[in-house]
Amino acid sequence: MGTRAWALLLVLCGTIFLEGIDVAMLAVAIPSIRSDLDLSTTTAAWVMSAYVLGYAGFTLLGGRAADLLGRRRMFLIWLTVFLAFSGLGGFATEGWMLIVARFVTGVSAAFMTPAALSLITTSYEEGPRRNKALLVFAGTAAGGFSLGLVIGGLLTELGWRWVFFAPVLLAGAILLAALRLIPVQERRPQLRTAEARFDLTGAVTAAGAMLLAAYAVLRLEHGLHDWQLTATAALAALLLATTFVAVERRAATPLVRLGLLRKGSVVRADLGALLFVGAFFGFQFVLTLYLQELRGWSALQTAVALIVMGCDAVLAPTLTPKLVERYGHARVILGGFVLAVIAYGLFLPVGADWSYAAMFPTLIIAGTAFALAYGPLTIAATDGVAESEQGLASGLLHTATQFGSAIGISAVTAVYGLASTGSGPAADEPDATLSAFRAALTVPVAMVVLGTLVSALSVRAARRAVRSASKVSSDSASQTSANPAQRSGGMASWK
């Protein structure tokens, strides 16, 4: 790639880096925010959950909006909104102000991130060049989260408001570079027609279904407490999703072409991304609790310990492209899941006094697994999709990853809570707490085991596709050689 192509890629990757570092820094700063603003436990939890709710609820709509309303336009507008509300969060004096700021920031990310990914998939031709760009994108995402943990710890020492102000500076730099580097593409007539007939009913039902589903998932962390509310939200989400499908079938210009949801490779990639990201964030959440609550490590010590998992930021753009080129993305994804099973499995017997050396194999293998799986999953989720639907495919992928992270964290929290409750009067004792951590660790293990099975199906489908292509090529060659007239005609044309 040329200098300008690399510059454009770095700007677009800057978006996912910004999103990752923003989430990670806030996760480290929450205890300080809670103490300074005197927030209740519920309010503090919603400061974190509001972002996920906005992101997961609108990502599908955001991806399709990029296709219909212009990828550059959506990217620039929502990057500006992200910048503005991140800054407003830094001036918050009440819990509800932070919740509103984080929700709108999540909504802006839901529109901005799929636009960035679809700009990559439409700016670089399908094949090795696009694969390289997507793997750099994936590595940048992981690097943003890993560095965000450390930077968040340092900024929190200066004052938690810097956790909100720092992303403003980064977003401003990305916005100025994007205005210059992202080409202005002339709108096509059919695009204007699609915009004029924007599927408003589909947009409303989709957003409603996603919001309610995200809320139901977030409530899983409460376990059986107020389960009626969780069940009601899940049922309402299902009803709205059913309505959405009915609307899309009848719409002249549907928001989502349902045929894309029947594309096996896309569905398997999105499901794999949901399971892999869910397991990764679930494991990281349990590990953070283990280090800080049971071992008494500080937030900064924990962040520094976990930075080794950011090795994928180096491996994703260097090692993974070579593996994908040689073995294909399906096999590399399977390898990533197998490594994840090993990594999380090694941590299941964790002890109350494990040294960092004992934890290190899990951390380095988990980071390597992320490098092997996440980028190729991004390739698989957008591979073979028409250019006009790249935003939609990107939206589906990010919807899957956001729901995955929410499911992973909520599930481990619920299992940890149930295991702690079941320990009886001794629930506060170190042995009981350690037992609860071990129970919670079974969640990410189960998720990557299921993901391994899904990725194995993708490898099988890829082999079938190669065999079918070989058979068609062989049959075509046989027919040509068996038809003298066709063969002589071909020779005559050559002459």
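Is Glu-125 buried, partly exposed or exposed? In this predicted model, Glu-125 turns out to be partly exposed, because its relative accessible area is 45%. Its salt-bridge partner is Arg-129, and the closest N and O atoms of the two sit 3.1 Å apart. Arg-129 also counts as partly exposed, at 31% relative accessibility.

Stepping back to the chain as a whole, the fold is built from 17 helices, with zero strands. The chain runs to 495 residues, and 51% of them count as buried. Looking at contacts with a separation of 6 or more, 84% are made by residues 24 or more positions apart. As for the outside, the accessible surface adds up to about 21700 Å², and carbon and sulfur atoms hold 65% of that.

Back to the charged pairs: a search of the whole structure turns up five salt bridges. One of them joins Asp-22 to Arg-102, with 2.9 Å between the closest N and O atoms. This pair ties together distant parts of the chain, since Asp-22 belongs to helix α1 and Arg-102 to helix α4, 80 residues away. Both of these residues, Asp-22 and Arg-102, are buried.

Another salt bridge pairs Asp-67 with Arg-71, and here the closest N and O atoms are 2.8 Å apart. Asp-67 counts as buried because its relative accessibility is 6%, with the cut-off for buried set at under 20%. Arg-71 falls in the buried class too, at 14% relative accessibility. The two are part of a wider arrangement, as Arg-64, Asp-67 and Arg-71 are linked in a network of salt bridges.

Two members of that network come up again around Glu-389. This residue is found in the loop that runs between α14 (356-382) and α15 (390-421). Despite its place in a loop, Glu-389 is buried, with a relative accessible area of 7%. Setting aside neighbours within four places in sequence, Glu-389 touches Arg-64 and Asp-67, and is also in contact with Arg-257 and Leu-260.

Helix α6 makes a handy example of how a helix sits in this fold. It covers residues 162-181, which is 20 residues, and spans 29 Å from its first C-alpha to its last, close to the 28 Å expected at 1.5 Å a residue. A good part of α6 is hidden from view: Val-163, Phe-164, Pro-167, Ala-171, Ile-174, Leu-175, Ala-178 and Leu-181 are buried. Seen down the axis of α6, the buried residues fall within an arc of 135 degrees, so they line one face of the helix. The cover over this buried face includes α1 (3-37), α3 (71-89), α4 (95-123) and α5. Turn to the other side of α6, and the picture flips: Leu-169, Leu-176 and Arg-180 are exposed there.

Helix α5, one of those covering α6, also contributes to the surface. Leu-147 lies in α5, which takes in residues 128-158. With a relative accessible area of 38%, Leu-147 is partly exposed. Together with Ile-151 and Ile-307, Leu-147 makes a nonpolar surface patch of about 210 Å².

Note on methods
Residues are numbered from 1 along each chain as its sequence is written. This is a predicted model: local features need pLDDT of at least 70, side-chain atom pairs count only at pLDDT 80 or more; totals for chains, interfaces and linings use all residues. Side-chain values use heavy atoms; hydrogens and water are left out. Patches are made of residues with over 30% relative accessible area and no salt bridge: like charges are joined within 9 Å, nonpolar side chains (Val, Leu, Ile, Met, Phe, Trp, Tyr) within 5 Å. Accessible areas come from the Shrake-Rupley method with a 1.4 Å probe; for residues, only the protein chains shown count as cover. A salt bridge is a side-chain nitrogen of Lys or Arg within 4 Å of a carboxyl oxygen of Asp or Glu. Helices (H or I, at least four residues) and strands (E, at least two) are DSSP runs, numbered from the N terminus. Buried means under 20% relative accessible area, exposed over 50%, partly exposed in between (1.4 Å probe, protein chains only). The expected span of a helix is 1.5 Å times one less than its number of residues. The arc is that of the directions from the helix axis to the C-beta atoms. Contact means heavy atoms within 4.5 Å.
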